[in-house]
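User: Hi! Could you walk me through this fold before I head back to the bench?

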Amino acid sequence: MKRSATIALLAMLLPLSTAAAQTCDVGPVAVQILGSGGPAINRFRSSSSYLLRIDGQSKVLIDMGGGAFGRFGQADGKLTELAMVGISHLHPDHVSDLPALLWLSHQSRKEPLPIVGPSGNEAAPDFQTFLNRLFDEKTGAFQVLGPVLGAKLGTSGGGVPLKVSVVDVAKAQASTVFDADGLTVTALGIPHGPMATLAYRVTTKGVSVVFSSDQTGTNPNFVEFAKDANVLIMHLAIPAGAKNPLHAAPEVVGRIAREAGIKHLIVSHVGPFNLDPAIAELKTAYSGPLTVGADLQCTAVK
Ligand SMILES: [Zn+2]
């Protein structure tokens with residue numbers, strides 16, 4: 001059995017409380033799935049979250065859905081190692097464990113933490129407003145975190161200041177949101193029904209990983225954004241034959257992977273439906289390497 005499959009199987013068999021750390025040292029650049037599920041209650045899948053590892057360090061965290069906080073611990077993730085956190089959009093299955101991650105963060109980290117999220121619209125606030133509503137020390141839902149985080153731009157309560165960037169999802173071109181130490185991260189707005197959503201592309205050591213997040217698959221610029229990626233993680237959120245105003249059909253997922261010319265497709269954000277027909281539909285449009293994601297699954301990016 002391949003190591004990635006073994007790790008995924010262990011994650012399914014072991015409850016969060018007893019599972020040993022499942023690190024992901026399979027090469028200089030690796031991606032580990034912290035949450036391979038969507039919003040539905042799922043016995044084995046946490047909600048959406050991904051960790052990009054560089055030289056074994058947990059460098060880029062994309063999304064923090066429900067259950068991902070526990071998986072971050074299982075994966076031996078370290079706040080001190082994070083270069084940045086990227087949030088795709090403000091549905092709870094992508095961001096609800098963010099307060100859990102940041103609470104007590106000041107005990108292990110002193111440097112500012114770059115964190116990126118989407119601009120707002122009528123369906124959701126912009127990411128800065130969202131953080132203020134959560135963490136403002138006087139009016140926030142978790143006001144106790146206000147002095148810890150300094151969630152407002154340019155302020156610090158003495159803990160881990162969040163260095164917040166908000167990306168305009170309506171912009172046709174990708175925005176560079178991080179570029180330092182040989183690591184470049186770009187973000188592009190993608191359609192997900194009424195929600196403002198971001199896809200991320202992380203490039204380092206000559207390889208790239210693209211995190212599609214939830215999307216309808218109707219932004220033609222996404223194919224260019226994902227072009228020639230070594231790993232593309234697409235969300236397979238709806239079953240074969242289904243139509244949904246928020247999510248791409250399996251065939252569309254496959255078509256985007258084919259048109260982008262990526263080297264390895266991982267499907268994630270898997271819903272509680274019969275997977276085999278969905279994979280069969282996807283394969284009508286894409287015949288390259290394909291992996292069905294699972295929590296703590298670890299993939300070398302090459
Ligand atoms: Zn979702």
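Analyst: Happy to, and we can go through the sheets, a few helices, the aromatic pairs and some loop residues. Keep in mind that this is a predicted model.

User: Let's start with sheets. In what order do the strands run in the open sheet that has β14 in it?

Analyst: That open sheet has 7 strands, ordered β6-β5-β4-β3-β2-β1-β14, and its pairing is mixed. The edge strands are β6 (162-167) and β14 (298-300), and each of them pairs on one side only. On average, neighbouring strands in this sheet are turned by 25° against each other, direction ignored.

User: Do β2 and β3 pair in the parallel or the antiparallel sense?

Analyst: Antiparallel, over 5 bridges, with β3 covering residues 57-62. Within that pairing, L51 has L61 of β3 as its bridge partner, and I54 stands opposite Q57 in β3.

User: And what happens in the hairpin of β2 and β3?

Analyst: There are 2 residues between the strands, and D55 takes a positive phi near 50° in that hairpin.

User: OK, next strand over. How do β3 and β4 pair?

Analyst: They pair in the parallel sense over 3 bridges, β4 being residues 84-86. The bridge partner of L61 in β4 is V85. To get from β3 to β4, the chain passes through helix α2 (residues 68-74), and this β-α-β crossover is right-handed.

User: So L61 turns up twice?

Analyst: Yes: L61 of β3 is the bridge partner of L51, and L61 also has V85 in β4 as a bridge partner.

User: Now the other sheet. Which strands form the open sheet that includes β7?

Analyst: It is made of 7 strands in the order β7-β8-β9-β10-β11-β12-β13, again an open sheet with mixed pairing. β7 (175-180) and β13 (290-292) stand at its edges with a single partner strand each, so one side of each has no neighbour in the sheet. From one strand to the next, the twist averages 20°.

User: Can you zoom in on β11 and β12?

Analyst: Sure. β11 (residues 231-235) and β12 (residues 265-268) pair in the parallel sense over 4 bridges. Within this pairing, L232 stands opposite L265 in β12.

User: Switching to aromatics. How many aromatic pairs does the structure hold?

Analyst: It holds 4 aromatic pairs. One of them joins Y50 and F211 in a tilted arrangement, with 5.6 Å centre to centre and 40° between the planes. This pair links distant parts of the chain, since Y50 sits in strand β2 (residues 49-54) and F211 in strand β10 (residues 207-211), 161 residues apart.

User: Are Y50 and F211 buried or exposed?

Analyst: Both Y50 and F211 are buried. Another aromatic pair is F127 with F130, which is stacked at 6.2 Å centre to centre and 20° between the planes. Those two both lie in helix α5 (residues 127-135), 3 residues apart, or about one turn of the helix.

User: Why does F130 count as buried?

Analyst: F130 counts as buried because its relative accessibility is 16%, and the cut-off for buried is under 20%. Its partner F127 is buried as well, at 0% relative accessibility.

User: Which loop residues should I look at?

Analyst: Try D181, which lies in the loop between β7 and β8 (183-192). D181 has a positive phi of about 55° although it is not a glycine, and it is exposed, with a relative accessible area of 81%. D228 also has a positive phi, near 60°, and is a residue other than glycine. You will find D228 in the loop between α7 (221-225) and β11, where it is partly exposed at a relative accessible area of 46%.

User: And where is E137?

Analyst: E137 is in the loop between α5 and α6 (146-149), and it counts as partly exposed at 46% relative accessibility. The C-alpha atoms of E137 and L149 are separated by 9.2 Å, with the two residues 12 apart along the chain.

User: Last one: at what angle do α8 and α9 pack?

Analyst: Helix α8 (residues 250-260) and helix α9 (residues 275-283) pack at an angle of about 40°, and their axes are 7 Å apart. That angle makes α8 oblique to α9, and α8 passes α9 in a right-handed crossing.

Methods:
Residues are numbered from 1 along each chain as its sequence is written. This is a predicted model: local features need pLDDT of at least 70, side-chain atom pairs count only at pLDDT 80 or more; totals for chains, interfaces and linings use all residues. Side-chain values use heavy atoms; hydrogens and water are left out. Rings of Phe, Tyr and Trp (its six-membered ring) pair if their centres lie within 6.5 Å; planes under 30 degrees apart count as stacked, over 60 as edge-to-face and the rest as tilted. Buried means under 20% relative accessible area, exposed over 50%, partly exposed in between (1.4 Å probe, protein chains only). Two strands pair if DSSP finds at least two bridges between them. A crossover is right-handed if, with the strands pointing away from the viewer, the path from the first strand over the helix to the second runs clockwise. Axes are lines fitted to C-alpha atoms, for helices over the stretch in contact, and angles run from 0 to 180 degrees between N-to-C directions. Angles under 35 degrees count as roughly parallel, over 145 as roughly antiparallel, 65 to 115 as roughly perpendicular and the rest as oblique. A crossing is left-handed if the near helix is turned anticlockwise from the far one by less than a right angle, and right-handed if clockwise.
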